[in-house]
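Here are my notes on the fold and the ligand site, set out point by point for a colleague who has the model open.

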Amino acid sequence: MKVLILMGSPRLHGNTAELCKPFMEELTKQGAEVKYIELEKKTILPCKECYACQEVAGEYGCAQKDDMPAIAKEMLWADGIILATPIFARYCTTKMKAILDRHYGFNKYYGSAEGCLWEGKKVGIIATHGYDGAYATDPFEMGVERLCKHSNLEYIGMYSVQDEDNLASFQTEEAVEGAKQFARKVVEQLQ
Ligand SMILES: Cc1cc2nc3c(=O)[nH]c(=O)nc-3n(C[C@H](O)[C@H](O)[C@H](O)COP(=O)(O)O)c2cc1C
């Protein structure tokens, strides 16, 4: 049971990272193997729309020289991928969006290569946001759900907490317990 957390906040010790702590703690307690990637430390260029990946069978095959091929390798390693992000301008952060855009390397739908390299993987969201509940998270959640459908992935749900008082909002018993509960849900889905 392998879980990869892609942590998309530019603040390495901010709200989203804080919410990931009890989540990861519980995942490990439940016997999952967990990897945590801080996207802020990585170079992740935007998709250039060159379609080179569509001609490379059986591997990610992106022509760009940055950290994305290594991240793609970890995504292929995982059974479950958690997109942990603050909501920025109604969606996710720039680096998270670049990763999502560059899903073409997994989906060989548009060239001579065929197949879907990440088919069947489970995808979940951890989100933090300034606005209240679904008003804040709906656009991103809907986008991810549709991307999952398009990519033959299984969307397993979201855990989100509103930023009302900076870090303190993510340290309450309710926030911490919710993160642990979400971890147990993820583990259940992966078994
Ligand atoms: C540039 C920027 C854009 C934001 N846009 C939104 C938004 O569209 N909707 C929302 O609910 N919150 C928005 N927020 C609030 C953050 O999502 C929220 O404070 C989050 O918890 C920050 O998490 P972090 O500390 O992990 O970066 C924005 C914050 C910033 C800095």
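Which residue of strand 6 stands opposite Ile-82?

1. The residue opposite Ile-82 is Gly-124 in strand 6. The model in which this pair is seen is a predicted one, and the points below should be read with that in mind. The two strands concerned, strand 3 and strand 6, run parallel and are joined by 7 bridges.

2. The sheet to which they belong is open and has 5 strands, which follow one another in the order 2-1-3-6-7 with parallel pairing. Its edges are formed by strand 2 (33-38) and strand 7 (154-162), each of which pairs on one side only. On average, and with direction ignored, neighbouring strands of this sheet are turned by 15° against each other.

3. On its other side, strand 6 pairs with the edge strand 7, again in the parallel sense, and here there are 8 bridges. Two positions may help in following the register: Val-123 stands opposite Tyr-155 of strand 7, and Ala-127 has Ser-160 of strand 7 as its bridge partner.

4. Helix 1 packs on the sheet and touches strand 1 (2-7), strand 2, strand 3 (80-86), strand 6 and strand 7, with its direction at about 140° to that of strand 6. Helix 2 (residues 68-77) also packs on the sheet, where it touches strand 1, strand 2 and strand 3, and its direction makes about 145° with that of strand 1.

5. The connection from strand 6 to strand 7 deserves a separate remark, since these two strands, together with helix 4 (residues 133-150), make a right-handed β-α-β unit. As for burial, strand 6 is largely enclosed by the rest of the structure, because 7 of its 8 residues are buried.

6. Which elements supply at least two residues each to the shell around the ligand? They are helix 1 (15-29) and strand 6 (122-129), so that the strand described above as largely enclosed, with 7 of its 8 residues buried, also takes part in the ligand site.

7. In total, 16 residues surround the ligand, and the closest of them are Ser-9, Gly-14, Thr-16, Pro-86 and Gly-130. By character, the shell around the ligand divides into 6 nonpolar, 7 polar and 3 charged residues.

Key: Residues numbered from 1 in each chain as written. Predicted model: local features only at pLDDT ≥ 70, side-chain atom pairs only at ≥ 80, totals over all residues. Near = placed C-beta within 6 Å. Helix = DSSP H or I, 4+ residues; strand = E, 2+ residues; numbered from the N terminus. Nonpolar A, V, L, I, M, F, W, Y, C, P; charged D, E, K, R; others polar. Pairing = 2+ DSSP bridges. Axes fitted to C-alpha atoms, helices over the stretch in contact; angles between N-to-C directions. Contact = placed C-beta atoms within 7 Å. Buried ≥ 20, exposed ≤ 12 C-beta atoms within 10 Å, placed from the backbone. Right-handed = clockwise from strand over helix to strand, strands pointing away.
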